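Here are my notes for you, written as numbered points. Keep the picture open while you read and look up each residue as it comes along.

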Amino acid sequence: MRPGPMARFKAIYAGIKLIKWKHITFRASIDHVSHKHPISRRERMELIYFTVAGIALYFAADWILERIETARGVRFEYRSVIFFCIILALALITFQIISQLKPS
């Protein structure tokens, strides 16, 4: 049974969000979302550092893979797997360095 427009309005007004998925209605409280602790300046900067590092790692891994393929003379058959291994190794190293550099 679908809730009518007035029931939806009352539910939203009372702080309850109705989520419709297929033919099931779920109720999720949104009170905890509105009272979240704000992100500190340090956490925002850390988020920016990791995002910029991730973007740089993507291009660095692509550049490294291109250099390896140029030296080899042929493209790898499983290029995406090798790209993943390169970016994983670079990410583990870089993110560990970023984590150690942040102030306590």
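1. Which residues make up the largest nonpolar core? Before the answer, keep in mind that this is a predicted model. The core has seven residues: Leu 57, Ala 61, Leu 65, Phe 83, Ile 86, Ile 87 and Ala 91. Two elements, α3 and α4, each give two or more residues to it. The largest share, four residues, comes from α4.

2. Let's stay with Leu 57 for a moment. If you skip residues up to four places away in sequence, Leu 57 touches Ile 87, Leu 90, Ala 91, Thr 94 and Phe 95. Two of these, Ile 87 and Ala 91, are listed in the core too.

3. Thr 94 deserves a look from its own side. You'll find Thr 94 in helix α4, and its relative accessible area of 22% makes it partly exposed, because buried means under 20%. Again leaving out residues up to four places away, Thr 94 touches Ala 53 and Leu 57. Try the C-alpha atoms of Thr 94 and Phe 50 as well: they are separated by 9.0 Å, though these residues sit 44 residues apart along the chain.

4. Now for the rings. How many aromatic pairs does a search of the whole structure find? It finds three. In one of them, Tyr 58 and Phe 59 meet edge-to-face, at 5.4 Å centre to centre and with 85° between the planes. Tyr 58 also pairs with Phe 83: the centres are 5.5 Å apart and the planes are at 75°, so this pair is edge-to-face. Tyr 58 belongs to helix α3 (residues 41-72) and Phe 83 to helix α4 (residues 79-101), so their pair ties together parts that are 25 residues apart in sequence.

5. Ring pairs link Tyr 58, Phe 59 and Phe 83 into a cluster. Are its members buried or exposed? Phe 83 is buried at 18% relative accessible area, Tyr 58 is partly exposed at 45%, and Phe 59 is exposed at 53%. Phe 83 is also one of the core residues from point 1.

6. Charges next. The structure holds three salt bridges, and Asp 62, Glu 66, Glu 69 and Arg 79 are linked in a network of them. Asp 62 meets Arg 79 at 3.8 Å, N to O. That pair links distant parts of the chain, with Asp 62 in helix α3 and Arg 79 in helix α4, 17 residues apart. Glu 66 and Arg 79 meet at 2.6 Å, N to O, and these two are 13 residues apart. For Glu 69 and Arg 79, the closest N and O atoms are 3.1 Å apart. Glu 69 lies in helix α3 and Arg 79 in helix α4, so this pair ties together parts that are ten residues apart in sequence.

7. How covered are the acidic members of that network? Asp 62 is partly exposed at 27%, and Glu 66 is partly exposed at 27%. Glu 69 counts as buried because its relative accessible area is 5%, under the 20% limit. Apart from neighbours within four places in sequence, Glu 69 is in contact with Val 74, Arg 75, Phe 76 and Arg 79.

8. Finally, check the surface. Met 45, Ile 48, Tyr 49 and Val 52 form a nonpolar patch there, with about 370 Å² of accessible area together. Ile 48 sits in helix α3 and is partly exposed, at 45% relative accessibility.

Notes:
Residues numbered from 1 in each chain as written. Predicted model: local features only at pLDDT ≥ 70, side-chain atom pairs only at ≥ 80, totals over all residues. Heavy atoms only, no water. Phe/Tyr/Trp six-rings, centres within 6.5 Å; stacked < 30°, edge-to-face > 60°. Buried < 20%, exposed > 50% of the residue type's maximum accessible area, 1.4 Å probe, protein only. Core = buried A, V, L, I, M, F, W, Y, C linked by side-chain atoms within 4.5 Å. Contact = heavy atoms within 4.5 Å. Patch = residues over 30% accessible without salt bridge, like charges linked within 9 Å, V, L, I, M, F, W, Y side chains within 5 Å. Areas by Shrake-Rupley, 256 points an atom, 1.4 Å probe, with all protein chains shown as cover. Salt bridge = Lys/Arg side-chain N within 4 Å of Asp/Glu carboxyl O.
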